[in-house]
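This briefing was prepared for a reader at the bench who wishes to examine a protein model by region. Please keep the sequence and the structure in view while reading.

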Amino acid sequence: MADVANARTSHNGRTSHNGRTSHNGTEPSTAELVQRATEQVSRLVRDELALARAELTEKGKQAGIGVGLFAGGGALAFFGLGALVTAAILLLALVLPAWAAALIVAVALFLVAGVLALIGKRRVSRAVPPVPEATVRSLRADVDVVSAAVKDRGRA
């Protein structure tokens, strides 16, 4: 859109926009300007959609990693529960050493599960909300450029 705002002077002294002069060698007509603006807006929309798609893909990857870490934490918690069951069985079967060892293993597994779950939660929260923030900033900048070009064109 900056092309609309940036007029250049050609070698013959005529003003051109985006390297083009009108068919009669004078200032471009309103129809020509509208056509150029339409082309530029169309290109801008395509580019912004591509940017949004790329940004949402990246956020989806981050959410996938977070979900995977949650699943890893859940699996370790499941093994921790198995170790606690083993500890209870060994507690009944033997007096002290076997169940104490199983209890220590269970606590260690639960600690690792908790750490993985916290890391996974943090990764998922980075991906939410799935709003393409860079695209929104870029669109706002584009609107500002167009607004400035329209104001400058109105003054000239």
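The points below cover the overall fold, a surface patch and two positions in one helix.

The model is predicted. It describes a protein of 156 residues, of which 18% count as buried. The protein contains 4 helices and 2 strands, and its elements follow the order α-β-β-α-α-α from the N terminus.

**Overall fold and surface**

- Among the contacts in the protein with a separation of 6 or more, 66% join residues that are 24 or more positions apart.
- The protein exposes about 10,400 Å². Carbon and sulfur atoms supply 69% of this exposed area.

**Nonpolar surface patch**

- A nonpolar patch on the surface is formed by Leu 81, Leu 84, Val 85, Leu 103, Val 107, Phe 110 and Leu 111. Together these residues have about 590 Å² of accessible area.
- Two helices, α2 (residues 30–93) and α3 (residues 97–127), each supply at least two residues of the patch.
- Helix α3 provides the largest share of the patch, with 4 residues.
- Leu 103, one of the patch residues, lies in helix α3. Leu 103 counts as partly exposed because its relative accessible area, 34%, falls between the 20% limit for buried residues and the 50% limit for exposed ones.

**Glu 48, a buried acidic residue**

- Glu 48 is located in helix α2.
- Glu 48 is buried, yet it has no salt bridge. The nearest side chain of opposite charge belongs to Arg 137, which is 10 Å away; a salt bridge would require a side-chain nitrogen of Lys or Arg within 4 Å of a carboxyl oxygen of Asp or Glu.
- Leaving aside residues up to four places away in sequence, Glu 48 touches Thr 135, Ser 138, Leu 139 and Asp 142.

**Leu 51, a partly exposed residue**

- Leu 51 also belongs to helix α2. Its relative accessibility is 32%, so Leu 51 counts as partly exposed.
- With residues up to four places away in sequence again left out, Leu 51 touches Ala 134, Thr 135 and Ser 138.
- Leu 51 and Ala 134 are 83 residues apart in sequence, while their C-alpha atoms are 8.0 Å apart in space.
- Thr 135 and Ser 138 are touched by Leu 51 and are also among the residues that Glu 48 touches.

Conventions
Residues numbered from 1 in each chain as written. Predicted model: local features only at pLDDT ≥ 70, side-chain atom pairs only at ≥ 80, totals over all residues. Heavy atoms only, no water. Patch = residues over 30% accessible without salt bridge, like charges linked within 9 Å, V, L, I, M, F, W, Y side chains within 5 Å. Areas by Shrake-Rupley, 256 points an atom, 1.4 Å probe, with all protein chains shown as cover. Buried < 20%, exposed > 50% of the residue type's maximum accessible area, 1.4 Å probe, protein only. Lys, Arg positive; Asp, Glu negative; His and termini not counted. Contact = heavy atoms within 4.5 Å.
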